[in-house]
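This report is meant to be read beside the sequence and the structure. Please keep both open while going through the text.

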Amino acid sequence: MFDTQVYKVSANNFSLKNATATEFPEQNATSIIATKEDKTAIEKAVEWLTKNEAIGIPTETVYGLAANALNADAVSKIFAAKNRPQDNPLIVHVSSIEMLKSILPDNHVPEVYLPVIRQHWPGPLTIILPASPIIPTSVTCGHPTVAVRFPSHPVARALIEACGFPLAAPSANSSGKPSPTLASHVFHDLQGRIPLILDGGACDVGVESTVLDGLRNPPAILRPGGLTYEALKLVDGMNKLQVYRKHFVDKELEAAPTTPGMKYRHYSPEAMVILIDRKEETDSTFDQKFNQTWKEQLEAIQESGVGVSKIGMLRTTQNGDTAVWETTSVTDKNVECVSLQMGRHGHPEEVARGMFKGLRDLDGRAVDLIFVEGISEDREGMAVMNRLRKAASKIIEV
């Protein structure tokens, strides 16, 4: 057991100095830390990481549980702290293209990824690459490939650079629970299991990275995330880009996935989640159908003998309506109802930031049941719906 320490860090106090005489001046830049307090926090984090412990760190997507990706003992601390299945691979995080090359066979980056790297790294994108023997098999789960990401969060980038080695870092939550977008979420799940958390505030993106397998022909998104399908498809060589489960299915890949987020149920709060999805995005009667459906579901659950005293609603608001975040009411079945808003309808980037926080907030209010509104799969909506479908115990289309 650890006495988990939390160190606040501010991304505003981190900057970059571009490298010279290199093909990737921005991607090989050097981090500069402006304040003594932030330097101390990074030094404390490096100290624990060099001792092969796992710590909580901020990234632009969600908080990560990081450890030395090149040390099998360190990697084992991640699986233990999260209670993560041993056959669920990890994503390796790097802070430069030079570090990336150091973990690849013959230091070679496949040509297919160069346009993607130039446009979208650092950022919320993970790519599948050939694995070097220096990567422990516990990271890759025995696959010949490794998933790698270059985070854009200044704190994560500076930390990896200061360590001098890449970090394996899945989301910093108990396995299967909603991903953490605040340091307090990490503390709630992993207090006592890890020695340190860097608190960099709220995550900007709010959902995990997009996973791209450019080694497949045609290239494929294996897990939708913070970088949209629409943006990736515009990159040279990605015009035939496919999305797993939308355009194709590979049972062998699903049985032995090369990336997290494919095999196991994820992102689920303690309360049962019922996802009420739209058959048609432009259906003007959806609100009426949503209300009718949740009432019917609640009645059916109560009639089955399951006690329900409090329910949660996680919904979008109409464009421009940002004034109300939370409302509480009582249903005609004498059940307390807490309604939270996860962003404006038609703004999937807002919903992505608010979804996991909303699920965790409702869990914190000890609701028995959560009804969640489905959104369009355009842009970040694809990642949102991927997560909600994995979190839901039941999915209803209306």
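The sections below cover an annotated site, one strand with its partners, and some backbone features.

**Annotated site**

The coordinates come from a predicted model. An unreviewed UniProt entry lists Thr61, His93, Arg149, Ala169 and Ser209 under "binding site". These positions span 149 residues in sequence, yet no two of their C-alpha atoms are more than 12.6 Å apart, so they gather at one spot. Annotations of this kind may be inferred rather than shown by experiment.

Thr61 sits in the loop that runs between strand S4 (55-57) and strand S5 (64-68). Is Thr61 buried or exposed? Its relative accessibility is 4%, and Thr61 therefore counts as buried, the cut-off for burial being under 20%. Leaving aside residues up to four places away in sequence, Thr61 touches Pro124, Arg149, Cys203, Val205, Gly206, Val207, Glu208 and Ser209. Among these contacts are Arg149 and Ser209, two residues that also appear in the UniProt list. The Thr61 side chain also makes a polar contact of 2.8 Å with the side chain of Thr59.

Arg149 belongs to strand S8, which covers residues 145-149. With a relative accessibility of 2%, Arg149 also counts as buried.

**Strand S18 and its partners**

Which residues of strand S18 point one way, and which the other way? Leu369, Phe371 and Glu373 point one way, while Ile370 and Val372 point the other way. Such a pattern is expected because side chains in a regular strand alternate between the two faces of the sheet. Residues on both sides of S18 are buried; the strand (residues 369-373) is mostly covered, with five of its five residues buried.

S18 pairs with two strands described here, S14 and S15. Strand S14 (residues 272-277) runs parallel to S18, and the pairing has five bridges. Within that pairing, Met272 has Leu369 as its bridge partner. Strand S15 (residues 310-317) is likewise paired with S18 in the parallel sense, over four bridges. Here Gly312 stands opposite Ile370 of S18.

**Backbone features**

Two cis peptide bonds and two positive phi values are listed in the table.

| Site | Feature | Value |
|---|---|---|
| Trp121 and Pro122 | cis peptide bond, omega | about -5° |
| Asn217 to Pro218 | cis peptide bond, omega | near 0° |
| Asn52 | positive phi | near 65° |
| Arg245 | positive phi | about 75° |

Where do the two prolines lie? Pro122 is in the loop between helix H4 (114-120) and strand S7 (125-130). Pro218 is in the loop between strand S11 (210-213) and strand S12 (220-223).

Neither Asn52 nor Arg245 is a glycine. Asn52 lies in the loop between helix H1 (36-50) and S4, and S4 is also the strand that precedes the loop of Thr61. Arg245 is placed in the loop between strand S13 (242-243) and helix H9 (251-255).

Their accessibility can be set side by side. Asn52 has a relative accessibility of 17% and so counts as buried, because burial means a value under 20%. Arg245 has 51% and therefore counts as exposed, the cut-off there being over 50%.

Notes:
Residues numbered from 1 in each chain as written. Predicted model: local features only at pLDDT ≥ 70, side-chain atom pairs only at ≥ 80, totals over all residues. Heavy atoms only, no water. Buried < 20%, exposed > 50% of the residue type's maximum accessible area, 1.4 Å probe, protein only. Contact = heavy atoms within 4.5 Å. Polar contact = N/O pair within 3.5 Å; in protein donor to acceptor, adjacent residues only side chain to side chain. Pairing = 2+ DSSP bridges.
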